[in-house]
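Please look through the structure below, with its sequence at hand. The text after it goes from a pocket to two sheets, a helix pair, the cavities and some backbone details.

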Amino acid sequence: MTVSPISPQAGSVSIAQGPPPADVFAFDLDRFQLEAIEALNANKSVVVCAPTGSGKTLVGEYAIYRALSQGKRVFYTTPLKALSNQKFRDFKEQFGEDRAGLLTGDVSINRDAPVVVMTTEIFRNMLYGTPIGQIGTSMTDVQTVVLDECHYMNDSQRGTVWEESIIYCPFEIQLVALSATVANSQQLTDWLNYVHGPTELIYSDFRPVPLRFSFGNYKGLFPLLDDEGKRLHPQFKSERRNRRKPRDQVKRDLRAETPDIPFVLAQLQQRDMLPAIYFIFSRRGCDRAVANAAGLSLVSDREAALLKTRIDSFLVKNPGAARDGQLAALYRGIAAHHAGILPAWKSLVEELFQDGLIKVVFATETLAAGINMPARTTVISSLSKRTDRGHRLLNASEFLQMAGRAGRRGKDIQGYVVTLQTPFEGAKEAAHLATSQPDPLVSQFTPTYGMVLNLLQTHSLEEARSLVERSFGQYLSTIHLIPYQEEVEELATELEQLQAQTAEVDLAQVAQYEKLNQRLKAEERLLRTLQEQAEVVRGKDLAPALQFAVAGTVLALKGPSMPVKEPLPAVLVLKVAGSGRFPYLVCLGIDNAWHVVKTEDVAGLYGEFPRISAVDRLEPPVALPLRPGQHLAGDEETLAIIHRIPVLPDPEDAPEVIEQRERVEAVAAQLEEHPVSQWTNRKYLFKALHNLDALAATLAEKRGQLGRMSERYWQEFVNLIEILQYFECLDENHKPTELGQAIATLRGENELWLGLALMSGEFDRLEPPQLAAACAALLIEEPRPDTWTDALPTDGVLATLEDLSDQRRELFKIQRRYRVMLPILLEDELIGLVEQWALGAEWSDLSARTSLDDGDVVRMVRRTLDLLSQVIHVPYLAGDLKDRASEARALLDRFPVSETVD
């Protein structure tokens, strides 16, 4: 199906010029910022690709100032709730409390404000309810949508949300896509231009705060790159000498050179390189790092006093929220930041770090892609990490994302990136990553049940297909498939030419000729077989006679040890002992060569000829091995003897051989008389016809492959349609049924499974705490083997889950049939924690009953809260179930689970 690009005029609305940048900002703007503002005022969308910390968010802020000056609105989307909360706080202060709103699923504040901050999922969900090309009531007066952190399109689990948001966004609305530098920013821009409207790329690789890369080992910190910043510093070239040592010795040496954390922090403090984000790729590693730094204090007396005031005030407001084993370190300006920490404690760490009171944060890499926490220095403790697919080296974008956190604009004249020696990586690997270009964006577009149902509620099947085929994935696929398309076109042209060349050929005659030709080949094969059989019989008949043959007897040789086309005339010279019953025969052939053969290699014995007595004085050469199949050239003496070997008569053929030869000659005569034999270009035409068939088969195969590759996303969409129709969520006209409409309101990894479970009636008998646990079972992945809890779900919850197991198995079976890999979760090991929390358990007691980190428990309960919030709005669901879902939500939504936004 052909998808047309959006025309420059499609749905476009002229946007009035915004205020001059000098009237809005009290400082000079960088060139790329001015170019982006100019493009916005020229009624274009923009893709702004610039390094982290370079000031690209200013472009989004200008769009807000412009909208406010014209009585319009702006939606500002971010990938994370935490980042949305932070932007909301910033915008309240920047634009006024009454002008800023927040939507993050659980939280809705001032949703009709001129500036609304939201997660990208919320924006996508808004668009689901509106036919493409129209503006729904929720987006009235929206002039611009800012897609912050647009490089999140690369995220394997959530990247599809950005693509959908861009595809579904009304053409009248300008898009401001803010992205870190990526290798294919022009492709991203071309795609937006294709699916949304005129879009301009604003690209800058300039960093207002330049980075200096260092490498640390047990001796200290040293420059990683040469003076030009393009290659490994010469001082590290000596590392190559280690290759000559045994591997175990090299590993021991490198482990000895690995610096410990107190040493690295001391180096940073001495060089005035704090504050720092110290990246460690495990939660336990971050916590251990805090413990290892227990003897250090990185703050002044004044900062220590401020920290004590702030921390004590937090603990008064949030008793029990302190992170075990890390409170004392926090008073000294040292903290950990990772997903296992309570959100309230993480927020405190973030605020203290942004205010310059925390000097080092040991963080997992999620911080690099999350909230705005720039530092003077980033330390990357390892250049490799464990993933679901094993241990691997960081890719360039991962490294650059972390490195980009270094250097605070307006505070630092230099940012520092420190990499460290480990037993596995050294300066060479660090220099490679430091000088690498960013990776390209790849599409993560993935059709889901929710996408199918929402699109088909407001669009026809053909319209839905057009939207699916506008994905970035399809766009990149089209570019990738150009060589394949060209190959198919070339094959088609070649096939057409061959068809023209063979158009006048009488195919019936050709088929008849080919049939005769194949028969001739078969008859010739049979003749050869009969000849070989006759020779074997003749050899067996000759074996007894050869026992009496004497030197000088004339023979004909052909057999396993004498693989010749025609029997070779020879004279017997000598018999030697063989390995079996018969001797080996040493013969002199008419080719003036010595041959050692077996009796079965004798094709003829000619006693009628006189014995050649001259061989009596011959002795086989010493160099001739006396084994069958051995041959050695003769000399002048043997040359004189072979002239005495007579011309041998043709052997008499067996009757069956004579008969078969006559058949061969008869078929050959028919073939010679056939009309096709008279064609002068017969060989060329036959080759062309053969190529024609082969080419047609190749072309069909290539076209099939191209079709499968080019329709990959649509086929996935169609497979989901088939499954939804099986479960009666879509009718025969591809419109959602009541069940389908209910499922369309849900958001999750597998909306169909959530909907089938909720609409099954199995949850109707559960009380609010048990309902919360049962909902959690639909969301929680199977825990790691070392995870434990003694908080078990009640029997009523377990019975409900057991009653769902048959439907789960059926969905598994159907998904497997259509090769759909969406998860179908029903996990009961951890849901007792959710039930206990809903029953009123204290957080400290709940935390003590599991090996899970506090942050993991909060995240599990928050995901349950999110589903319960959705249940309240699901149509056609029993009213009392919605009421119990609302009650369950109220029971779960308390500190430290509840989200507070200042």
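How do the residues of the lining of the second largest pocket divide into nonpolar, polar and charged? The model in view is a predicted one, and in it this lining has 10 nonpolar, 15 polar and 10 charged residues. The space in the second largest pocket comes to about 1,000 Å³. Its lining is made by 35 residues, and those nearest the centre are Gly53, Thr57, Lys87, Asn372 and Pro374. Three helices each give at least two residues to the lining: H3 (57-69), H4 (81-95) and H13 (343-354). Of the contributions to this lining, that of H4 is the largest share, with 6 residues.

The next element to trace is a sheet. Eight strands make up an open sheet with mixed pairing, and across it they follow the order E4-E3-E5-E2-E6-E7-E1-E8. The edges are held by strand E4 (108-109) and strand E8 (199-203), each of which pairs on one side only. Against this sheet packs helix H5 (residues 120-128), which touches strand E2 (73-78), E3, strand E5 (115-119) and strand E6 (142-147). The direction of H5 makes about 100° with that of E5. Strands of a sheet pair through backbone hydrogen bonds, in a parallel or an antiparallel sense. At the E4 edge, strand E3 (residues 100-103) runs antiparallel to E4, and 2 bridges join them. One residue to look for here is Leu103, whose bridge partner in E4 is Ser108. Further along the chain, the loop between E4 and E5 holds Asn110. This residue is not a glycine, yet its phi is positive, near 50°. Most residues other than glycine have a negative phi.

Two helices can be considered as a pair. Helix H6 (residues 159-168) packs with helix H7 (residues 185-195) at an angle of about 40°, and their axes are 9 Å apart. At that angle H6 and H7 are oblique to each other, because only angles under 35 degrees count as roughly parallel. On the H6 side the contact is made by Glu163, Ile166 and Ile167, and on the H7 side by Trp191, Leu192 and Val195. By class, these are 5 nonpolar residues, no polar ones and 1 charged.

A second open sheet has 6 strands. Its order is E22-E18-E19-E20-E21-E23, and its pairing is antiparallel. Strand E22 (602-606) and strand E23 (631-633) have a single partner strand each, so they stand at the edges, and one side of each is left without a neighbour in the sheet. From one strand to the next, the twist averages 35°. At the E22 edge, the partner is strand E18 (residues 554-557), which pairs with E22 in the antiparallel sense over 4 bridges. Among the residues in this pairing is Leu557, with Val602 as its bridge partner in E22.

Enclosed spaces come next. How many cavities of 30 Å³ or more does the structure hold? There are 2 of them. The largest cavity has a volume of about 70 Å³. Its lining consists of Gly748, Glu749, Asn750, Trp753, Leu754, Leu778, Leu779, Pro823, Ile824, Leu825 and Arg863. By class, this lining has 7 nonpolar, 2 polar and 2 charged residues. The second largest cavity has a volume of about 40 Å³. Around this cavity are Ala321, Ala322, Arg323, Ile341, Leu342, Trp345 and Asp854. Its lining has 5 nonpolar residues, no polar ones and 2 charged.

Two peptide bonds complete the tour. Most peptide bonds are trans. The bond between Leu274 and Pro275 is cis, with omega about 5°. Pro275 has its place in the loop between helix H9 (261-270) and strand E11 (276-279). A cis peptide bond also joins Phe895 and Pro896, and there omega is about 5°. Pro896 lies in the segment after helix H32 (879-892).

Methods. Residues numbered from 1 in each chain as written. Predicted model: local features only at pLDDT ≥ 70, side-chain atom pairs only at ≥ 80, totals over all residues. Heavy atoms only, no water. Pairing = 2+ DSSP bridges. Contact = heavy atoms within 4.5 Å. Axes fitted to C-alpha atoms, helices over the stretch in contact; angles between N-to-C directions. 1 Å grid on protein atoms, 1.4 Å probe; cavity = no way out; pocket = protein on both sides within 12 Å on 5 of 7 lines; lining within 4 Å. Points joined across faces, edges and corners; volume = space filled by probe spheres on them. Nonpolar A, V, L, I, M, F, W, Y, C, P; charged D, E, K, R; others polar. Parallel < 35°, antiparallel > 145°, perpendicular 65-115°, else oblique.
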